[in-house]
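Trainee: I would like to take a close look at one part of this model, the nonpolar surface patch. Could you take me through it slowly and set it in its surroundings?

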Amino acid sequence: MGILWTIIIGFIAGVIAKFIMPGDKEPSGFIMTTILGIVGAFVATYLGQGLGWYGPGEGAGLIGAVVGAIIILFVYGFITSRRTT
């Protein structure tokens, strides 16, 4: 159930992250927003576990997943802006 919960939270986090950090260079569309949020949730979970914020069986909550998705959006925007220049 942990992975399924991370995917559900990740989807919601992706939508919230796109509202917080909109832009032309960021990925758009339902599928990309979902993937962005899921990857952000996994990043937040593993980063939080590595820093000792979460236990071995715990996952990131909604706020952590949103922060993870914003980090992924920032990195994606940085990489795509370097490619085009």
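Mentor: What follows goes from the whole chain to the patch, and then to the core and an aromatic pair.

Please keep in mind throughout that this is a predicted model. The protein chain holds three helices and zero strands, so that, read from the N terminus on, its elements run α-α-α. Of its 85 residues, 33% count as buried, and the chain exposes about 5500 Å², of which carbon and sulfur atoms supply 74%. Among the contacts with a separation of 6 or more, 65% are accounted for by residues 24 or more positions apart.

Now to the patch itself, which is nonpolar and covers about 1100 Å² of the surface. Its members are Leu 47, Leu 51, Trp 53, Ile 63, Val 67, Ile 71, Phe 74, Val 75, Phe 78 and Ile 79. H2 and H3 each supply at least two of these residues, and the largest share, seven residues, comes from H3. A good residue to look at is Ile 71, which has its place in helix H3. Ile 71 has a relative accessibility of 37% and therefore counts as partly exposed, because that class lies between the limit for buried, under 20%, and the limit for exposed, over 50%. A residue of a patch needs over 30% relative accessible area, and Ile 71, at 37%, is a member that is partly exposed.

It helps to set the patch beside the interior of the model. In soluble globular proteins, nonpolar side chains tend to be buried together. Here the largest nonpolar core has five residues, namely Ile 9, Ala 13, Ala 41, Ala 65 and Val 66. Helix H1 (2-20) and helix H3 (62-84) are the elements that give two or more residues to this core. Helix H3 therefore appears in both descriptions, since it gives two or more residues to the core and seven to the patch.

Helix H2, which also supplies at least two residues of the patch, carries one further feature that deserves your attention. The count of aromatic pairs comes to one, and this pair, formed by Phe 42 and Tyr 46, is stacked, with 6.4 Å from centre to centre and 15° between the planes. Both residues lie in helix H2 (residues 30-51), four residues apart, which is about one turn of the helix. Phe 42 counts as partly exposed because its relative accessibility is 24%, whereas Tyr 46, with a relative accessible area of 55%, is exposed.

Notes:
Residues are numbered from 1 along each chain as its sequence is written. This is a predicted model: local features need pLDDT of at least 70, side-chain atom pairs count only at pLDDT 80 or more; totals for chains, interfaces and linings use all residues. Side-chain values use heavy atoms; hydrogens and water are left out. Rings of Phe, Tyr and Trp (its six-membered ring) pair if their centres lie within 6.5 Å; planes under 30 degrees apart count as stacked, over 60 as edge-to-face and the rest as tilted. Buried means under 20% relative accessible area, exposed over 50%, partly exposed in between (1.4 Å probe, protein chains only). A nonpolar core is a set of buried Ala, Val, Leu, Ile, Met, Phe, Trp, Tyr and Cys residues joined through side-chain atoms within 4.5 Å. Patches are made of residues with over 30% relative accessible area and no salt bridge: like charges are joined within 9 Å, nonpolar side chains (Val, Leu, Ile, Met, Phe, Trp, Tyr) within 5 Å. Accessible areas come from the Shrake-Rupley method with a 1.4 Å probe; for residues, only the protein chains shown count as cover. A salt bridge is a side-chain nitrogen of Lys or Arg within 4 Å of a carboxyl oxygen of Asp or Glu. Contact means heavy atoms within 4.5 Å.
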